[in-house]
Amino acid sequence: METLTAALRSLLPHDSVITDPVRLRTYECDGLTYHRATPGVVVLPDTAEQVARVVRVCNDFGVPFVARGSGTGLSGGALPREDGVLIVTSKMRRILEIDLDNRRAVVEPGVTNLAITEAVRDRGYYYAPDPSSQQVCSIGGNVAENSGGAHCLKYGFTVNHVEACEIVTPNGDLVTLDRMDPGYDLLGAFVGSEGTLGIATKITVRLSRAPEAVTTVLAAFESIEQGGQAVSAIIGAGIVPAAIEMMDALAIEAAEAAVACRYPEGAGAVLIVELDGPQAEVERQFTQLTEICSGAFELRVAADAAERAAIWKGRKSAFAAVGRISPAYIVQDGVVPRTSLPGVLAAIDRLSQEHGIRVANVFHAGDGNLHPLVLFDDAEPGAGERAEVVSGAILDLCVEHGGSITGEHGVGVDKARYMPKMFSADDLDTMQLVRCAFDPRGLSNPGKVFPTPRLCGEVPGVRKGVHPLVESGKAEQL
């Protein structure tokens, strides 16, 4: 590691290479604090060329490397390697170009999601994908995880808003993937690849025109079942809101404790529905919405931008807010068909009672993307393990109902072991063929997404029959 560090110091300013053990611990985890590893060395490049040089050095030494932006990921996608290099892009936060004629902006990976919108808001534009952490999460991480957000029901995920990416490939080449490129959609393959296919160093994003009208409604129901029925009725009526978000009573309790959002007292569930588009269309949909939500005991309509922000305040802070009512928690991320929401939520409630683990539900109701917050006391012996069981059982429910083990937070290290529950060995091998085409040495963010290497020391790659050590009885295949 000393020789490697010396090589890195020859490429970067002295203060951009961190080896101090105390400072290294700053980077030992991302938003998933359940998994921690102190990186071997941390580098903070300023430019794409510096990233490329660092990756080439990693190749020369045969050491793994992991890219990290703001570190807000919730699946351990940026978990560092103790034997590797953590490449932190937080110093690369320049907005390089704004081209409103073509509705595009070119940004570096360390730029925060919200900063893009703030740069063009006064001119009537915005960047549509909006993770709840958009004030701090970086666009490079959004690309790696194909992040979503409340408004992705109508406008789509990050992959729908990226026009091009300059990337450093796992062998250190600097290339550009463009949506206009003929042939295979390599840009589409890169977005959401969780850092296993390279590192984004320059991103061209699509800017959207701000809608003519926006109406935000909060509907309070006595039960989450009533809220779920309203969601189905809204979609069934042919309305495609910009967002439909739901919070249950426990999530509301947490939000009230943290940010005093003043949601209706006694609500078993609140539904936040946002309509946007041409004025006439929004008015027509609003009339339909109020009829559908007639069973709500309170209907609150934002009169201006300040009231709109107040309605969103509780929802946007929900993840962090549960820290007010629980010492520790796991943020889960799974998807079910929208019609399965009532049954799955009832099953989650049963799991909660069976294991003595509270679960707060916050979710993108419109597209069935659940975010159960599994609460536990990490000082209580066995509580963490029970929370893990409940968390895993929720993912099983998602798969059983035809959904997915992740909606917008990626697989990372947290869910790699669940991939075989959703995909066959042949499916995973096909994914490995893609990964190995980009990264045959397996140095770029190894240990993420795939449940391989299945044996200690095995180089990631396509499965080729029974491993000799398994066949000889000297090892067990996981």
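## Strand 19 and its surroundings in a predicted model

Strand 19 (residues 369-376) is largely enclosed by the rest of the structure, because 8 of its 8 residues are buried. Buried here means under 20% relative accessible area, exposed means over 50%, and partly exposed lies in between, with a 1.4 Å probe and protein chains only. Strands (E, at least two residues) and helices (H or I, at least four residues) are DSSP runs, numbered from the N terminus. The model is predicted: local features need pLDDT of at least 70, side-chain atom pairs count only at pLDDT 80 or more, and totals for chains, interfaces and linings use all residues. Residues are numbered from 1 along each chain as its sequence is written, and side-chain values use heavy atoms, with hydrogens and water left out.

### Strand 19 and its partners

In a regular strand the side chains alternate between the two faces of the sheet. In strand 19, both faces are covered: Asn369, His371, Leu373 and Leu375 are buried on one side, and Leu370, Pro372, Val374 and Phe376 are buried on the other.

Strand 19 pairs with strand 16, strand 17 and strand 18; two strands pair if DSSP finds at least two bridges between them. With strand 18 (residues 359-364), strand 19 runs antiparallel and is joined by 6 bridges, and histidine 364 has asparagine 369 as its bridge partner in strand 19. These two strands form a hairpin with 4 residues between them, and glycine 368 in the turn has a positive phi of about 70°. Strand 16 (residues 328-331) is also antiparallel to strand 19, over 4 bridges, with alanine 328 opposite phenylalanine 376. Strand 17 (residues 334-335) is joined to strand 19 by 2 bridges in an antiparallel arrangement, and glycine 334 stands opposite leucine 370.

### Glutamate 408

Glutamate 408 is located in the loop between helix 14 (383-400) and helix 15 (419-422). Outside its neighbours within four places in sequence, glutamate 408 is in contact with residues that include Asn369 and His371, both of which are buried in strand 19; contact means heavy atoms within 4.5 Å. Glu145, Asn146, Ser147, Gly148, Gly149, Phe157 and Asp333 are also among the contacts of glutamate 408. Its side chain makes a polar contact with the side chain of histidine 364 at 2.8 Å, a polar contact being a pair of N or O atoms within 3.5 Å; within protein, one must be able to donate a hydrogen and the other to accept it, and residues adjacent in sequence count only if both atoms are side-chain atoms.

Glutamate 408 is buried yet has no salt bridge, a salt bridge being a side-chain nitrogen of Lys or Arg within 4 Å of a carboxyl oxygen of Asp or Glu. The nearest side chain of opposite charge to glutamate 408 is arginine 315, which is 5.7 Å away; Lys and Arg count as positive and Asp and Glu as negative, while His and the chain ends are not counted.

### Salt bridges

The structure holds 17 salt bridges. Three pairs are listed below.

| Pair | Closest N to O distance |
|---|---|
| Arginine 308 and glutamate 274 | 2.8 Å |
| Aspartate 396 and lysine 421 | 2.9 Å |
| Aspartate 439 and arginine 435 | 3.1 Å |

The salt bridge between arginine 308 and glutamate 274 links distant parts of the chain: arginine 308 is in helix 11 (residues 305-316) and glutamate 274 in strand 14 (residues 269-277), 34 residues apart. Arginine 308 is partly exposed at 31% relative accessibility, whereas glutamate 274 is buried at 1%.

The salt bridge of aspartate 396 with lysine 421 ties together parts that are 25 residues apart in sequence, because aspartate 396 lies in helix 14 and lysine 421 in helix 15. Aspartate 396 is partly exposed, with a relative accessible area of 23%, and lysine 421 is partly exposed at 45%.

In the third pair, aspartate 439 is buried at 3% relative accessibility, and arginine 435 is buried with a relative accessible area of 3%. A network of salt bridges links Arg25, Glu28 and Arg36.

### A mixed sheet

An open sheet of 4 strands has the order 1-2-4-3 and mixed pairing. Its edge strands, strand 1 (17-18) and strand 3 (65-68), each pair on one side only. Strand 3 is parallel to strand 4 (residues 85-88) over 4 bridges, and alanine 67 stands opposite isoleucine 87 in strand 4.
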